[in-house]
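Let's take a walk through a protein model together. Keep the picture in view as you read.

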Amino acid sequence: MTEAAATESTESRPASPGGRGSTAQSAEERVDRWFARRPALALAALLPIGAVTPLFPVEVGVATFALGTLVVGMAHGAVDHLVPLRAAPDVSLRRSIAAVSVVYAVLGGAVVAAFFLAPVAAFVGFIALTWLHWGQGDVATLSIAGVDHLPTSAERWLALVVRGGLPMGVPLLAHPEEYRLVAEWTVGLFLVDAGAAATAVDPLFTPAVRAAVGAGMATATLASVGLGYRRVRSGGGGGSNDGGGRRDPAGWRRDVGELAVLWAWFLLAAPVFAIGVYFALWHALRHVGRLVLVDPEAASAASAGDAVGALARFGRDAAPLTLGGFLVVGAVGASVPAGVAAPGDLLAVSLVAIAALTLPHVVVVAWLDRRQGVWRPGVGA
Ligand SMILES: CC1=C(/C=C/C(C)=C/C=C/C(C)=C/C=C/C=C(C)/C=C/C=C(C)/C=C/C2=C(C)CCCC2(C)C)C(C)(C)CCC1
Ligand SMILES: [Fe+2]
């Protein structure tokens, strides 16, 4: 990795993936290494630990999830109010904060209301939303890294289904008991009668549902890997990413390596632990990297090789509303009918609060995706 770009001017605003300035590219490469590739290696190194977690009590997972949320999870959404300001040239700070606050109030409130009105449907909706959002995050990372094997939006959508399905679908296949426990805890916050939550979530855990999710995930993964292989084998072939020249297979190899790590992680590790670690180490960090790139100051620290400086800048921006996010968790905890008595209830309350934060967060991220042409390869690049 060359250090030469560090000395070049840093006034560019690297808001679009594949930006062609050498400074922007350098920042993108470094950020990808710090926030995506190294954490993926770390997750691979953690596999032996993940493999023994099904032997531990679920409280170990709950503590890990809580820690992951505290350390980086909450912060990754806590600069959403600055995203319009940084990714669009014509948005003022005041408009940026006002628009994002309204989106959070309306959509977050709607999610909490949905849990009160129809807790099972709201829970399933949250799983589906997370599937979409975590897939969306990984596709954005691959897009910003400039991979060559996903040249059409259809291929990117298939990659989204696979990437999001690994944390949401594979644990259902491999560890249904713990998955079910979390579903019961969450739905049980709103259905106070003894046994009501267990009966309500029954249909989600039938062998037919699990088999369909398992078969769907295996097929989608093989299809995505196979199509990517065909792309890099056949060279350009009319793709829009590279003007029809040769395609670099390195991005495809990386994609396959990450898929293998994620499949192994979610097959082996206990679900709450697995998702707690994944959320902090994978999804949230990748998004933090993306936010560093749209902030000119943090991006220039990154292109100078200063990871601590880039993170410090992000941390300063994220601190106030990270606390705001914890207030949302507290407010949900204070309002649920069943009250909060056990560690399981704490996890459940955090999940409902996170669901309320996630819907508006997805809207902000989808807006950023659009600005950066993540779903229209070749247009934003
Ligand atoms: C800006 C703003 C703010 C802030 C915000 C924030 C802070 C955000 C965040 C956001 C976030 C922070 C997001 C997150 C996301 C996450 C997720 C999406 C998760 C999910 C998970 C799940 C879903 C899981 C589940 C499970 C388990 C755990 C186990 C097993 C089973 C199951 C799978 C069920 C406020 C409001 C203050 C104000 C306005 C503006
Ligand atoms: Fe996110």
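What follows moves from a cluster of histidines to a helix pair and then to some annotated stretches.

First, some housekeeping: this is a predicted model, where local features need pLDDT of at least 70, side-chain atom pairs count only at pLDDT 80 or more, and totals for chains, interfaces and linings use all residues. Residues are numbered from 1 along each chain as its sequence is written, chains are lettered from A and ligands numbered from 1 in the order in which they are written, and side-chain values use heavy atoms, with hydrogens and water left out.

Start with four histidines. An unreviewed UniProt entry lists His-76, His-133, His-283 and His-287 under "binding site"; such annotations may be inferred rather than shown by experiment. They span 212 residues in sequence, yet no two of their C-alpha atoms are more than 13.0 Å apart, so they gather at one spot. Of this set, His-76, His-133 and His-283 belong to the lining of the largest pocket. (A pocket is an open set of points on a 1 Å grid over the protein atoms alone where a 1.4 Å probe fits, with protein on both sides within 12 Å along at least five of seven lines; lining residues have an atom within 4 Å of a point.)

Now zoom in on His-76. You'll find His-76 in the loop between helix 3 (58-73) and helix 4 (83-87); helices here are DSSP runs of H or I, at least four residues long, numbered from the N terminus. Is His-76 buried or exposed? His-76 has 6% relative accessibility, so it counts as buried (under 20% relative accessible area, using a 1.4 Å probe and protein chains only). Not counting residues up to four places away in sequence, the contacts of His-76 (heavy atoms within 4.5 Å) include His-133, His-283, His-287 and His-361.

Another buried residue is Asp-32, at 9% relative accessibility, and its home is helix 1 (residues 22-45). Asp-32 and Arg-286 are 254 residues apart along the chain, but 7.8 Å separates their C-alpha atoms.

Next, a helix pair. Helix 7 (residues 153-174) and helix 10 (residues 207-234) have axes that come within 9 Å and cross at roughly 145° (axes are lines fitted to C-alpha atoms over the stretch in contact, and angles run from 0 to 180 degrees between N-to-C directions). Among the residues that meet there are Leu-158 and Gly-165 in helix 7, and Val-213 and Ala-220 in helix 10.

Finally, the unreviewed UniProt entry gives several stretches as "transmembrane region", including 321-340 and 346-368. Residues 321-340 are 75% helix, with end C-alpha atoms 24 Å apart. Residues 346-368 are 100% helix, and their end C-alpha atoms are 32 Å apart.

Methods
Helices (H or I, at least four residues) and strands (E, at least two) are DSSP runs, numbered from the N terminus. Buried means under 20% relative accessible area, exposed over 50%, partly exposed in between (1.4 Å probe, protein chains only).
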